[in-house]
Amino acid sequence: MSASRKVLGALRALLFRNSVERELDNEFTFHLEQETKKNIALGMNAKEARRVALMAFGSIDVAKEAHRDGRGSRWLEDFLIDARLALRSVRRNPG
C-alpha cells in the first residue's frame with residue numbers, strides 16, 4: 001500500500017469514524033454469517049453452527065482492535081483523545 005493511501009485511510013478513519021466503524025462491524029458480521037451458513041451446509045443446526053463460527057473467528061473485539069491498529073491512525077486517534085482531555089482539564093483548572 002502506498003504512503004498516500006495510508007494517509008488518506010487514516011484521515012478517513014478520523015474524520016468519518018462512525019461510518020468506518022459501521023463498515024467494520026458489517027464486514028465482521030458478513031464473514032460470521034458466511035461461516036455460519038457454511039457450517040449449516042455441513043449439517044450443523046443453526047445454534048451450533050454460529051457457536052463454531054464464533055470459535056473459529058476467536059474474539060471479534062480483538063480482531064477489530066488489530067484492524068484499527070493496522071490502519072496506522074491509532075497514534076493520531078490517541079493523541080486527539082489526550083489533547084481533548086488536556087484541554088478539558090485546563091478549562092476546569094486554568095491556573
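**Exercise 1.** Is K38 buried, partly exposed or exposed, judged by its relative accessibility?

*Solution.* The model is a predicted one. Step one is to take the value for K38, a relative accessibility of 46%. Step two is to set the value against the cut-offs: buried means under 20%, exposed means over 50%, and partly exposed lies in between. K38 therefore counts as partly exposed.

**Exercise 2.** Find the salt-bridge partner of K38 and describe how the two residues are placed in the chain.

*Solution.* The partner is E35, whose side chain meets that of K38 with an N to O distance of 3.3 Å. Helix α2 holds both residues. Their spacing is 3 residues, or about one turn of the helix. E35 has a relative accessibility of 21%, so E35 is classed as partly exposed. The cut-off for buried is under 20%.

**Exercise 3.** State how many salt bridges the whole structure contains, and work out which parts of the chain the pair K64 and D25 ties together.

*Solution.* A search of the whole structure gives 2 salt bridges. In one of them K64 pairs with D25, and the closest N and O atoms are 2.3 Å apart. K64 belongs to helix α4 (residues 60–70) and D25 to helix α2 (residues 17–41), so this salt bridge ties together parts that lie 39 residues apart in sequence.

Next, take the accessibility of each partner. K64 has a relative accessibility of 14% and therefore counts as buried. D25, at 31%, counts as partly exposed.

Last, list the contacts of K64. Leaving out residues up to four places away in sequence, K64 touches L24, D25 and F28. The salt-bridge partner D25 is thus among the residues that K64 touches.

**Exercise 4.** Locate E21, classify its accessibility and name the residues it touches beyond four places in sequence.

*Solution.* E21 is a residue of helix α2. Its relative accessibility is 16%, so E21 counts as buried. With residues up to four places away set aside, E21 touches R68 and R71.

**Exercise 5.** Describe the position of E33 and give its C-alpha separation from S89.

*Solution.* E33 lies in helix α2. A relative accessibility of 40% makes E33 partly exposed. Along the chain, E33 and S89 are 56 residues apart. In space, 45 Å separates their C-alpha atoms.

**Exercise 6.** Identify the residues of the positive surface patch and examine R88 as one of them.

*Solution.* The patch consists of R84, R88, R91 and R92. R88 sits in helix α5, which covers residues 74–92. Membership of a patch needs over 30% relative accessible area. R88 has a relative accessibility of 41%, so R88 counts as partly exposed.

**Exercise 7.** Identify the residues of the nonpolar surface patch, give their accessible area together, and classify L8.

*Solution.* V7, L8, L11, L15 and F16 form this patch. Together they have about 530 Å² of accessible area. L8 is part of helix α1, residues 3–15. The relative accessible area of L8 is 57%, and L8 is therefore exposed. The cut-off for exposed is over 50%.

How values were computed:
Residues numbered from 1 in each chain as written. Predicted model: local features only at pLDDT ≥ 70, side-chain atom pairs only at ≥ 80, totals over all residues. Heavy atoms only, no water. Patch = residues over 30% accessible without salt bridge, like charges linked within 9 Å, V, L, I, M, F, W, Y side chains within 5 Å. Areas by Shrake-Rupley, 256 points an atom, 1.4 Å probe, with all protein chains shown as cover. Salt bridge = Lys/Arg side-chain N within 4 Å of Asp/Glu carboxyl O. Lys, Arg positive; Asp, Glu negative; His and termini not counted. Charge placed at Lys NZ, Arg CZ, Asp CG, Glu CD. Buried < 20%, exposed > 50% of the residue type's maximum accessible area, 1.4 Å probe, protein only. Contact = heavy atoms within 4.5 Å.
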